[in-house]
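Dear colleague,

Please find below the structure that I am handing over to you. I would be grateful if you could keep it open while you read the notes that come after it.

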Amino acid sequence: MRYHDITKDDMKNGDGLRVVLWVSGCEHACPGCQNPITWDPDEGLVFDEAAKTELYEALGRDYISGITFSGGDPLFPGNRDVILELLRSIRKDFPGKTIWLYTGYLWEDICGLEHMRFLDVLVDGPFLQRQKDNRLCWKGSKNQRVIDVPRSLAECVSDEGLPVKEPVLHCEDYFYLREEGNYSHAKGCSI
Ligand code: SF4
């Protein structure tokens, strides 16, 4: 697996201050994507032990709430094995931190993946330009869902890993509000 960046105090990709791993590889080709440079799985840096160490050092800081996997698509088929291993080790080594993951796939198609067992929140679905709204918190277009993964697995997925009803949302749509030059958050936002 390759990656483009590790950001270490991100406020726009999940609750609190987060470390974000921006991986290479995505097959969704959403028109209007802000990161087309990340589509090619052969671009970027190899995610090696040094990169994992860098990630761990950043994640270990007290004020960091957790890690977000983004890209690209962390669930691009060529990324899945490495991401699964990373999820497993982060969950074990940082039990107090939350794990978010952004993907262009729909919850209904991936809820049976083992990866889900390690996530707190999944933001799913492709970016749709016609549903774009810059004020949305945690997502680029209205079709995407900010999903509470543990509750959704418990309440909305069969023993065979198939969806039986709509997933539970981590939060409803809420918006960044501009007030006197600053951004604040509307009701429902947890930061
Ligand atoms: S899933 Fe994300 S990275 Fe992939 S094309 Fe769509 S917006 Fe871009």
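The notes below describe the sheet, one of its strands and the surroundings of the ligand.

Please bear in mind that this is a predicted model.

The sheet is open and consists of 7 strands, in the order E3-E1-E2-E4-E5-E6-E7, with mixed pairing. At its edges are strand E3 (45–46) and strand E7 (145–148), each of which pairs on one side only. Helix H4 (residues 149–156) packs on the sheet, where it touches strand E6 (121–124) and E7, and its direction makes about 70° with that of E7.

In general, the strands of a sheet pair through backbone hydrogen bonds, in either a parallel or an antiparallel manner. Strand E4 (residues 66–70) offers examples of the parallel sense: 4 bridges pair it with strand E5 (residues 98–102), and 5 bridges join it to strand E2 (residues 18–23). Within these pairs, Ile-67 has Ile-99 of E5 as its bridge partner, Phe-69 stands opposite Leu-101 in E5, and Val-20 stands opposite Thr-68 in E4. Together with helix H2 (residues 80–93), E4 and E5 make a right-handed β-α-β unit.

Is E4 covered or open to its surroundings? The strand is mostly covered, as 5 of its 5 residues are buried. Gly-66, Thr-68 and Ser-70 lie on one side and Ile-67 and Phe-69 on the other, and both faces are covered.

Lastly, 13 residues surround the ligand, and Cys-26, Cys-30, Cys-33, Gly-104 and Phe-127 come nearest. By class, this shell has 6 nonpolar, 6 polar and 1 charged residues.

Yours sincerely,
A colleague

Technical notes: Residues numbered from 1 in each chain as written. Predicted model: local features only at pLDDT ≥ 70, side-chain atom pairs only at ≥ 80, totals over all residues. Near = placed C-beta within 6 Å. Nonpolar A, V, L, I, M, F, W, Y, C, P; charged D, E, K, R; others polar. Pairing = 2+ DSSP bridges. Helix = DSSP H or I, 4+ residues; strand = E, 2+ residues; numbered from the N terminus. Contact = placed C-beta atoms within 7 Å. Axes fitted to C-alpha atoms, helices over the stretch in contact; angles between N-to-C directions. Buried ≥ 20, exposed ≤ 12 C-beta atoms within 10 Å, placed from the backbone. Right-handed = clockwise from strand over helix to strand, strands pointing away.
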